[in-house]
Amino acid sequence: YQLAWVADQQERFVFVNHHGMKVADLALDEVAHKLKSGEIVVLSDAGLPAVEKGLDSLVQKIYDQLAFESAHDQLTGMKTRKEFERCLAQAVARSKRNNQYYVLIYMDILQFKIINNTCGYEAGDSLLREFGERIRSVLGDDMVAGRIGGNEFAILVPTESEHKGFLLATEFKAAVEEKRFSVNDQSFVIETVVSLVGFDQHNDQVLELLRSVESAAVITKKS
């Protein structure tokens, strides 16, 4: 089948067979699902007419955009938990291969539920977006940040030692707590629970690393 027509808003896609007869009329999410499952593939554009090359290019761009969106949180633009776990697994592999030391930093916003319940979901969403921007103000090019829960964030940092990782965690905490959060004529002090764990080539339990910083934060909140 070949892509023959795309709606103006890229919401519908019509495919035809080699006789030029319509065989499928798919929505954008259906095209993305079939691309992901392999039911639809983007062929080499060698020998294709210019129009078909353009259409194939459009489908590839849409697929790339959908792939990006599935890996990034819509509110903050940071990695989703699943994507962050994938990045963490890659860091564990690099650590073994290159003897690189990493620190995994976990941050939990203590006031999130209060703000969400008092001021509404839109205020909660605004807090998450602003929190993400505050993290980005400190985030280095070689660091990875993700929103791994409702009000929980994680940062993966290549560094030389756990002590330097601790100093970075302190810097992140200061950045996100520096300013009050204002919404609907109300102002809130922002406080976070921060935990961290360092790992090197001797660690290979990816999920255990996340569980350890999450558990440490829970214990801290209870104490």
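This dialogue goes through some helices, a loop histidine and a turn in a predicted model.

Visitor: What does the secondary structure of the chain come to?

Guide: The chain has 7 helices and 9 strands. Of its 223 residues, 41% are buried. Among contacts with a separation of 6 or more, 62% join residues 24 or more positions apart.

Visitor: How many residues does helix H3 have, and what should they span?

Guide: The check is a rise of 1.5 Å a residue, taken over one less than the number of residues. H3 covers residues 81-98, and its 18 residues should span 26 Å; the end C-alpha atoms are 25 Å apart, which agrees.

Visitor: Where do helices H5 and H6 stand on that check?

Guide: H5 (121-136) has 16 residues and reaches 23 Å from its first C-alpha to its last, close to the 22 Å expected. H6, residues 162-177, also has 16 residues and reaches 22 Å, close to the 22 Å expected.

Visitor: Which residues of H6 are buried?

Guide: A residue counts as buried under 20% relative accessible area. In H6 that holds for Gly165, Leu168, Ala169, Phe172, Ala175 and Val176. Seen down the helix axis, these buried residues fall within an arc of 125°, so they line one face of H6.

Visitor: What do the buried residues of H6 pack against?

Guide: They pack against helix H5 and three strands: S4 (101-109), S6 (152-159) and S9 (192-199). H5 has buried residues of its own, namely Ala123, Gly124, Leu127, Leu128, Phe131, Gly132, Arg134 and Ile135.

Visitor: At what angle do H3 and H7 pack?

Guide: A helix pair can be described by the angle, the distance between axes and the handedness. For H3 and H7 (residues 206-222), the angle is about 115° and the axes are 9 Å apart. The crossing of H3 and H7 is right-handed.

Visitor: Which residues meet there?

Guide: From H3 come Arg81, Phe84, Glu85, Leu88, Ala89 and Val92; from H7 come Val206, Leu207, Leu209, Leu210 and Glu214. By class, this contact has 8 nonpolar, 3 charged and no polar residues.

Visitor: Which residues in H3 are buried?

Guide: Glu83, Phe84, Cys87, Leu88, Ala91, Val92 and Ser95 are buried in H3. Phe84, Leu88 and Val92 are among the H3 residues that meet H7.

Visitor: Is histidine 72, in the loop before H3, buried or exposed?

Guide: Histidine 72 lies between helix H2 (50-71) and H3. The residue counts as buried because its relative accessibility is 15%, and the cut-off is 20%. Leaving aside neighbours within four places in sequence, histidine 72 is in contact with Gly77, Met78, Lys79 and Thr80.

Visitor: Why look at the sign of phi?

Guide: Most residues other than glycine have a negative phi, so a positive value in one of them merits a look. Asparagine 99, which follows H3, has a positive phi near 55°. Asparagine 184 has a positive phi of about 50°, and for aspartate 185 the positive value is about 65°.

Visitor: Where do asparagine 184 and aspartate 185 lie?

Guide: Asparagine 184 lies in the loop between strand S7 (181-183) and strand S8 (186-188). Aspartate 185 is found in that loop between S7 and S8 too.

Visitor: Are asparagine 184 and aspartate 185 buried or exposed?

Guide: Exposed means over 50% relative accessible area. Asparagine 184 is exposed at 53%, and aspartate 185 is exposed at 87%.

Note on methods:
Residues are numbered from 1 along each chain as its sequence is written. This is a predicted model: local features need pLDDT of at least 70, side-chain atom pairs count only at pLDDT 80 or more; totals for chains, interfaces and linings use all residues. Side-chain values use heavy atoms; hydrogens and water are left out. Helices (H or I, at least four residues) and strands (E, at least two) are DSSP runs, numbered from the N terminus. Buried means under 20% relative accessible area, exposed over 50%, partly exposed in between (1.4 Å probe, protein chains only). Axes are lines fitted to C-alpha atoms, for helices over the stretch in contact, and angles run from 0 to 180 degrees between N-to-C directions. A crossing is left-handed if the near helix is turned anticlockwise from the far one by less than a right angle, and right-handed if clockwise. Contact means heavy atoms within 4.5 Å. Ala, Val, Leu, Ile, Met, Phe, Trp, Tyr, Cys and Pro count as nonpolar, Asp, Glu, Lys and Arg as charged, and the others, Gly among them, as polar. The arc is that of the directions from the helix axis to the C-beta atoms.
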